[in-house]
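Trainee: I would like a close look at one part of this structure, namely the salt bridges and what surrounds them. Could you take me through that part slowly?

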Amino acid sequence: PKIHINYRRKYYKFDNSDLRITFDKDIKFQEFCNFSSKNINQIRYPSKVLELKYNDYSKNYIRLLMKGIPYRLTSCSKYIMGLKDLGLLKMI
């Protein structure tokens with residue numbers, strides 16, 4: 001392991017649907033070697049992350065549903081975000 005990731009999550013599931021939503025906030029990254037030392041090289045991620053989770057067969061329906069929402073739709077990895085913010089990922 002390279003980093004430790006800590007966040008608060010709310011989880012929502014809709015009845016009769018495979019759609020699930022997670023809302024993550026208070027996201028913090030810390031190098032794993034410094035995990036025993038509180039707040040040493042700890043970085044707070046300034047944004048919140050809302051993820052839609054669904055099965056492949058619902059992909060077209062979800063894209064249609066999300067078309068009117070003015071946010072960027074993308075995949076997200078808190079691990080990659082943490083590596084980047086801690087300076088442990090070299091961007092080419």
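Mentor: What follows goes through the salt bridges one pair at a time and then turns to the helix and the pocket beside which some of these residues appear in the account. Please keep in mind that this is a predicted model.

A search of the whole structure finds six salt bridges, and one of them joins Arg8 to Asp26, with the closest N and O atoms 3.3 Å apart. Because Arg8 lies in strand S1 and Asp26 in strand S2, this pair ties together parts that are 18 residues apart in sequence. Arg8 is partly exposed, at a relative accessible area of 48%, and Asp26 also counts as partly exposed, at 31%.

Another salt bridge is formed by Arg9 and Asp24, whose closest N and O atoms are 2.7 Å apart. Here again the partners lie in strand S1 and strand S2, so the pair ties together parts that are 15 residues apart in sequence. Arg9 is partly exposed, with a relative accessible area of 37%, whereas Asp24, at 0%, counts as buried.

A further pair is Lys78 and Glu51, whose side chains meet in a salt bridge at 3.6 Å, N to O. This pair links distant parts of the chain, since Lys78 is in helix H2 and Glu51 is in strand S4, 27 residues apart. Lys78 is buried, with a relative accessible area of 11%, and Glu51 counts as buried at 18%. Taken together, Arg9, Asp24, Glu51 and Lys78 are linked in a network of salt bridges.

The surroundings of this network can be followed from helix H2, residues 78–85, in which Lys78, Met81, Gly82 and Leu83 are buried. What covers these buried residues includes strands S1, S2 and S4. Met81 and Leu83 also belong to the largest nonpolar core, which has seven residues in all, the others being Ile3, Ile27, Phe29, Val49 and Leu86. The elements that give two or more residues to this core are S2 and H2. Val49, leaving aside its neighbours within four places in sequence, is in contact with Asp24 and Met81, among others.

Glu51 leads on to the largest pocket, because Glu51 is one of the lining residues that lie nearest its centre, together with Leu50, Arg72, Leu73 and Thr74. The pocket holds about 760 Å³ of space, and its lining divides into 12 nonpolar, three polar and five charged residues. Strand S4 gives the most to this lining, with five residues.

Note on methods. Residues numbered from 1 in each chain as written. Predicted model: local features only at pLDDT ≥ 70, side-chain atom pairs only at ≥ 80, totals over all residues. Heavy atoms only, no water. 1 Å grid on protein atoms, 1.4 Å probe; cavity = no way out; pocket = protein on both sides within 12 Å on 5 of 7 lines; lining within 4 Å. Points joined across faces, edges and corners; volume = space filled by probe spheres on them. Helix = DSSP H or I, 4+ residues; strand = E, 2+ residues; numbered from the N terminus. Nonpolar A, V, L, I, M, F, W, Y, C, P; charged D, E, K, R; others polar. Buried < 20%, exposed > 50% of the residue type's maximum accessible area, 1.4 Å probe, protein only. Contact = heavy atoms within 4.5 Å. Core = buried A, V, L, I, M, F, W, Y, C linked by side-chain atoms within 4.5 Å. Salt bridge = Lys/Arg side-chain N within 4 Å of Asp/Glu carboxyl O.
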